[in-house]
Structure formats: structure tokens, C-alpha cells
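Student: Please take a close look at a single part of this model and describe it in one connected account. Begin with the backbone, then move on to the side chains and to the chain as a whole.

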Amino acid sequence: MRAGDRDAYAVLVRRYAADARRLAVLAGAGADADDVVQVAFVKAYRTLGSFHDGAPFRPWLLRIVLNEARNATRSARRYRAAAGRSAVLDAAALTVSAAAADDPAASALTAERRAELLAAVRTLPEPQQRVVVCRYLLDLDEEETATVLGWPRGTVKSRLYRALRKLRAGLEPAPGPVQEVDHG
């Protein structure tokens with residue numbers, strides 16, 4: 001099989017496909033279980049070189065299926081969260097637009113705060129800029145950020161902490177709503 005015998009691998013796929021699908025469903029892949037299993041079998045085939053001779057194939061394969069199911073579940077969760085945030089931002093933008101139509105000062109202030117934030121991010125040292133971009137603009141979690149940047153997870157945490165501390169120190173709090181005072 002390790003020599004690229006596709007027929008031998010097809011026998012393994014038929015033997016373990018039901019177990020793999022069952023695990024994917026139980027791990028939360030739900031409707032994506034078939035896709036998860038397919039990706040897992042492809043990954044297993046591509047990484048046969050790392051499979052230890054004499055080791056049992058089934059647990060090795062199911063570990064790959066479990067990892068893929070977790071990845072799919074996390075991706076679906078992030079997608080739903082991003083869609084929710086997008087809807088909230090769209091609603092906020094509509095509110096701001098409506099308010100801006102009534103109050104050009106509010107519109108200018110929002111754009112000014114956004115520009116101020118981006119300018120503050122640009123003043124950070126490059127490693128801190130990268131970690132802020134990955135975590136907050138690309139919406140990656142710590143593990144994904146560490147993978148993308150090639151840093152240990154602890155480095156991601158410490159650089160993000162320092163970056164946020166600098167941003168907080170450099171940005172003034174947003175002004176509250178202007179209240180009119182009745183002078184009688």
C-alpha cells in the first residue's frame with residue numbers, strides 16, 4: 001500500500017469508511033460528515049509515508065478523521081460568528097448612515113475614529129501589527145495565528161498583549177453622545 005498501490009488503499013477505504021463516517025458525525029461534523037471523511041482519506045493517502053510500519057491503520061486513520069471533523073466544526077462556528085458580526089456591522093452601518101444623514105458630524109466622527117485606529121495599528125512594531133491583523137482583521141484564533149506566523153502560541157499571546165496595551169494607551173476613548181444643555 002505504501003508503494004502507491006491504489007487497489008490496496010481502496011480496500012482500506014471500503015473497510016473503514018463506515019467507522020470514519022460514524023466518528024465524523026459523532027464529532028460534530030453533521031451534514032459535512034461525508035466531506036470530512038473524504039478529506040481525511042485523501043490526507044491519509046498523502047501522508048502514508050508518516051505511517052509507522054506494523055502500527056494499526058484504523059486508529060491512525062480515525063485520528064485524522066477526528067482532526068478533520070474538529071477543523072470542520074471550528075470553521076463552521078467561525079463562519080456563523082463572522083456572519084453574525086457582519087449582520088451586526090451592517091445594521092450598525094445602516095444606523096450610522098441614517099444618523100449620518102441626519103447628523104453629518106456623527107458620520108465624520110465615526111470615520112475619524114476608524115482612521116485613528118488604523119493609524120495606531122500602523123505605528124506598532126511589525127510583529128505586533130501582524131498579530132493584530134491575524135487575530136482581529138482575519139479573525140484567526142491563537143492556534144491558527146501561531147501557525148500562520150510560524151511563532152509559538154505563547155509568543156502570539158505576549159505580542160498581542162503588548163500590541164493591545166499600546167493601542168489602548170495611544171487611543172483616547174470615543175467621545176460620548178453630545179448632550180444639549182438647556183440654558184433656560
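**Helix α5 and the residues after it**

Tutor: Asp139, placed just after α5, adopts a positive phi of about 60°. The model is predicted, so local features need pLDDT of at least 70 and side-chain atom pairs count only at pLDDT 80 or more, while totals for chains, interfaces and linings use all residues. Residues are numbered from 1 along each chain as its sequence is written, and side-chain values use heavy atoms, with hydrogens and water left out.

Helix α5 covers residues 126–137; helices (H or I, at least four residues) and strands (E, at least two) are DSSP runs numbered from the N terminus. Within α5, the buried residues are Gln128, Val131, Val132, Cys134 and Arg135. They lie on the same side of α5, because the arc they cover around the axis is only 165° (the arc of the directions from the helix axis to the C-beta atoms). Buried stands for under 20% relative accessible area, exposed for over 50%, and partly exposed for what is in between (1.4 Å probe, protein chains only).

Leu137, also in α5, counts as exposed because its relative accessibility is 58%. Together with Tyr136 and Leu138, Leu137 forms a nonpolar surface patch with about 340 Å² of accessible area. Such areas come from the Shrake-Rupley method with a 1.4 Å probe, and for residues only the protein chains shown count as cover. Patch residues have over 30% relative accessible area and no salt bridge; like charges are joined within 9 Å, and nonpolar side chains (Val, Leu, Ile, Met, Phe, Trp, Tyr) within 5 Å.

Glu126 and Arg130 form a salt bridge at 3.0 Å, N to O (a side-chain nitrogen of Lys or Arg within 4 Å of a carboxyl oxygen of Asp or Glu). The two residues are four places apart in α5, about one turn of the helix. Both count as partly exposed, Glu126 at 49% relative accessibility and Arg130 at 37%. Elsewhere, Glu142, Glu143, Arg153 and Lys157 are joined into one network by salt bridges that share partners.

Thr145 belongs to helix α6, residues 142–149, and is buried because its relative accessible area is 0%. Apart from neighbours within four places in sequence, Thr145 contacts Val131, Cys134, Arg135, Leu140 and Val156, where contact means heavy atoms within 4.5 Å. Val131, Cys134 and Arg135 are among the buried residues of α5.

Asp141 pairs with Arg78 in a salt bridge whose closest N and O atoms are 3.8 Å apart. Asp141 is in the loop between α5 and α6 and Arg78 in helix α3 (residues 57–102), so the bridge ties together parts 63 residues apart in sequence. Asp141 is partly exposed at 24% relative accessibility, as is Arg78 at 23%.

As for the whole chain, its secondary structure comes to seven helices and zero strands. Of its 184 residues, 23% count as buried. The mean pLDDT is 81, and 77% of the residues score at least 70; pLDDT is the predictor's confidence in each residue, from 0 to 100. Among the elements, helix α4 (residues 104–122) has the lowest mean, 74, and helix α2 (residues 33–46) the highest, 94. Where pLDDT is low, the predicted coordinates should not be read in detail.
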